[in-house]
Every structure is written in structure tokens, then in C-alpha cells.
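Please find below a short note on the ligand site, set out as numbered points to be read beside the model.

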Amino acid sequence: MELTFADIRAAHDVVRRHLPPTPLWGYPLLDRATGAAVLVKHENTQPIGAFKVRGGLTLLASMTAAERARGTVTWSTGNHAQSVAYASHRYDAPCTVVMPAGTDPARAAAVEAWGARAVLTGDSLDEAGRRAERLAAQSGARLVSPGDTPELLAGVGTLYLEILQARPDLDAIVVPVGSGTGAAAACLAAAALAPGCAVIGVQSAASPAAHDSWRAGELLARPNRTAVAGLATGRGFALPQRLMRAGLADFLLVTDEEIGAARRLLATAAHTLAEGAGAAATAAVLSRPELFAGRSVAVVCTGGNAVPAELADLAVPDASVATPASPASPAQMI
Ligand SMILES: *Cc1c(COP(=O)(O)O)cnc(C)c1O
């Protein structure tokens, strides 16, 4: 199935029944620090604290009553889990999320608080995915791939529709990339609404699978060492990579330390609590003034679900280099 901008428009009719548009605000101190005219798209203000809620709602809305009664099974350690759990709650459908055994208990609790079942098992997200496959085959529930499900892309695309309807004159939108669903959808929205606006992806240099796959034009696996949940993927996903290949203007890498500095800047200059992935776009604008100075740029604050180590890291003075937190399990992600 080929996804088009019409799918994003249709998803917007669903999403806006549930959620108001998120704010798109500028801050003089952020402009001063970056040398650009920056607008922050505040997906951290969503009810689950992240943009992925738009995808979950679009997916559940697309299912028939019979499919909803059988429910969904998916796998995740973080915001994707909460998205499907939240949407299943709104649509009164059963939901099971398989999470690696090392997942932060607070993340499992957040899923269960929406009425979903969290199954903690295995060492990695790949193992969780295989367990989810078996559970779905046994129960007849719909198996939902976090990266390759068109409804999720169409749903997250609604945030770019909101940005570009408000500001079709933007020079660029910078999008944090994990699996690439958000950046792929941004490419479709920009092509339809603002062909002059460059969509630029950003990933952590410690987990460059999506970046390297895009540059090489083929799906690659790469070491996955970032501590930044949401950006931590070990391989490229086919559907988003195909769309990014057609529409992404550039793809940048930033370090986890640069992301930490951007989180501190957002906290002080934009009174915004961002998780690492939510600050990656700001980190890219800060680290590449030759690309962004003097331009009008939207940065997507994709999420605000900061873990305790990220909260503590906000107090680290910027002159020093923050010691990267060592996560309990290496492959935190979507
Ligand atoms: C999932 C996620 C991302 C990455 O999005 P993809 O669509 O997987 O590329 C970025 N930021 C946050 C907060 C996320 O939860």
C-alpha cells in the first residue's frame, strides 16, 4: 500500500476529534542561542507526553468493530506503547504491549494505567517483537509493527499538517528520527503544503541505523548505543525509508551530549521539559549554525517523558560534559 498526503488529511479528521492542535511557539532566548528564528512544536503537551498518540488514535479509528473487539498486540519500551494503550482505552479495545524485561517499571506502569496489559519478557526489543507475533497468532489480535504500519505514519503526519497550515513559509522543519515514521510523514506533508520547506532528519550518532540506511539507499543494521529512548533503533524500516528517500532534504547526526545541552536550553529558554529525543532537533539547529542561521525553522519537541536520569542531568552545568547515563538495558526505543 502506498501512503499519500490524502491519508494524512483523513487522519487529521480523526485526530482533531480527540486532541486540540498543539502549540507552535517561538522564544527570543532560543533564537538568540541558535541565531535562527525557531518555532517549537510542542508535542510534549500531548496526553501521553509524545506525538505518537496521533498514530495510535488513527490506527484504532481505522479498525472495524470486530477487529477492535479482538484488540491489538504490539511491542515497545516507551512512547509507542503508551500511544496504542491510550488509543485502545479511548476506543474500548483490548491491548497487549510486550516490553523487554529490563524496561523501566514506570514505563510499564504508564501502559497499564491506560488499561492495557504489559508483558515484560526477554532481553531485547527484537525478542519482544517475536513474542508479540506469537501472542497475536494465538489470540487473533492485530499485530502492530511500530515502524511499518501505514496508519501510524498517517496519524503522526497530522502534526506536520498543523505546522505547515500555520506556517507554509518555513525554510525547514527538523525532525528527530527513530524508525522514521515522523520524518517520512513530514516529507509527504511538506511536498503537498510547502514544497519550499526542507525536511531534515536527525538521529543520535550513537545509533545511526536510520541515517546510514538513508545515505546508503538500503536497509542497514547498526550498533544501537544511544541512551536516548525514541532515537534508539538498530535497523532501518522499509516503509519510512522509502518515503524519506523521496522527500528528505538532509539527515544530520548529533551526539548524546549535544542532546543533553539542548534539553537544558529548552528548559531555561523555552520552559519546556523535553526527553532526549524531544530535544534532538534543537540540538541539530544548535550544532549546525551554517545550515540554520538566519532561517525560520520549526523544531519538533516530539516528547517530554524524561526518565529520572534525564531529570537529574538538567542540573548539570553546561560547561562540563555530562557523563552519559548508562541505561539498564541498552536498546531503549520507540
Ligand atoms: C518515537 C519517538 C521518536 C522517533 O520517531 P520515529 O517516528 O520512530 O522516527 C522521536 N521522539 C520521541 C519522543 C519518540 O517517542
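**Notes on the ligand site**

1. A nitrogen atom of the ligand lies 2.7 Å from a side-chain N or O atom of T302, a polar contact being a pair of N or O atoms within 3.5 Å. Taken alone the ligand exposes 380 Å², of which the protein buries 99% (Shrake-Rupley areas, 1.4 Å probe).

2. The model is predicted, with local features requiring pLDDT of at least 70 and side-chain atom pairs pLDDT 80 or more, whereas totals for chains, interfaces and linings use all residues. Numbering runs from 1 along each chain as its sequence is written, and side-chain values use heavy atoms, without hydrogens or water.

3. On the oxygen side, one ligand oxygen atom is 2.4 Å from an N or O atom in the side chain of T181, and an oxygen atom of the ligand is 3.0 Å from a polar backbone atom of G182.

4. Around the ligand there are 15 residues, the closest being K52, G178, G180, T181 and T302 (a heavy atom within 4 Å). This shell comprises four nonpolar, nine polar and two charged residues, with Gly counted as polar.

Conventions
Polar contact = N/O pair within 3.5 Å; in protein donor to acceptor, adjacent residues only side chain to side chain.
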